[in-house]
Amino acid sequence: LKSNEGPNSEWGRYRTMLHKLIITDNAAYRNRAAQLRNRIEKDWRAGGARQGAAAPSIADLRSADHVQRVVSKAVFFLLFGHWLEDKDADT
């Protein structure tokens, strides 16, 4: 599918349909989105990028591994409702 033809392209129509199906009309998704901040905070406090750290730090955001892991966990949780373990988020 060509992706550079704007919202009226075939890709644009598919994207609009998927957003409506997964996000707009999905109460479970909205509920998970409301939980996401607390999930990330709890997970970060449990270890963060610096294993064993007493508290999260802005320095943790300099770790590409940490940021990638958090993003993987967040996206997976939003779509499927399951919070991944670190080892699963790293693969």
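User: Starting with Asp86: is that residue buried or exposed, or something in between?
Analyst: In this predicted model, Asp86 comes out as partly exposed, with a relative accessible area of 31%.

User: And which residue does Asp86 form a salt bridge with?
Analyst: Asp86 is bridged to Lys73, and the closest N and O atoms of the two are 2.4 Å apart. Since Lys73 belongs to helix α3 and Asp86 to helix α4 (residues 86-89), the pair ties together parts that are 13 residues apart in sequence.

User: What about Lys73 itself, buried or exposed?
Analyst: Lys73 is buried, because its relative accessible area is 1% and the cut-off for buried is under 20%.

User: Which other side chain does Lys73 meet in a salt bridge?
Analyst: Lys73 also meets the side chain of Asp43 in a salt bridge, at 2.8 Å from N to O. Here the link runs from helix α3 (residues 64-80), where Lys73 lies, to helix α2 (residues 27-45), which holds Asp43, so this pair joins parts that are 30 residues apart in sequence. Asp43 has a relative accessibility of 22%, which means that it counts as partly exposed.

User: How many salt bridges are there in total?
Analyst: The count is four salt bridges. One of them brings the side chains of Asp88 and Lys87 together, with 3.8 Å from N to O.

User: How exposed are the two partners, Asp88 and Lys87?
Analyst: Asp88 is partly exposed, at a relative accessible area of 34%, whereas Lys87 is exposed, at 60%.

User: Which residues end up in one network through shared salt-bridge partners?
Analyst: Asp43, Lys73 and Asp86 are joined into one network by salt bridges that share partners.

User: Switching to rings: how many aromatic pairs does a search of the whole structure find?
Analyst: The search of the whole structure finds two aromatic pairs. One of them is formed by Phe76 and Phe80, a tilted pair with 4.8 Å from centre to centre and 50° between the planes.

User: Where do Phe76 and Phe80 lie?
Analyst: Both Phe76 and Phe80 lie in helix α3, where they are four residues apart, about one turn of the helix. Phe76 counts as partly exposed, at 30% relative accessibility, while Phe80 counts as exposed, at 55%.

User: And what is the geometry between Phe77 and Trp83?
Analyst: The ring centres of Phe77 and Trp83 are 5.8 Å apart and the planes stand at 70°, so this pair is edge-to-face. Phe77 and Trp83 are both buried.

User: Which residues make up the largest nonpolar core?
Analyst: That core has six residues in all, namely Tyr29, Leu36, Ala74, Phe77, Leu78 and Trp83. The elements that give two or more residues to this core are α2 and α3, and α3 gives the most, with three residues.

User: Last one: what does Tyr29 touch, leaving out residues up to four places away in sequence?
Analyst: With those sequence neighbours left out, Tyr29 touches Ile22, Ile23 and Leu78. Of these contacts, Leu78 is listed together with Tyr29 in the largest nonpolar core.

Key: Residues are numbered from 1 along each chain as its sequence is written. This is a predicted model: local features need pLDDT of at least 70, side-chain atom pairs count only at pLDDT 80 or more; totals for chains, interfaces and linings use all residues. Side-chain values use heavy atoms; hydrogens and water are left out. Buried means under 20% relative accessible area, exposed over 50%, partly exposed in between (1.4 Å probe, protein chains only). Rings of Phe, Tyr and Trp (its six-membered ring) pair if their centres lie within 6.5 Å; planes under 30 degrees apart count as stacked, over 60 as edge-to-face and the rest as tilted. A nonpolar core is a set of buried Ala, Val, Leu, Ile, Met, Phe, Trp, Tyr and Cys residues joined through side-chain atoms within 4.5 Å. Contact means heavy atoms within 4.5 Å.
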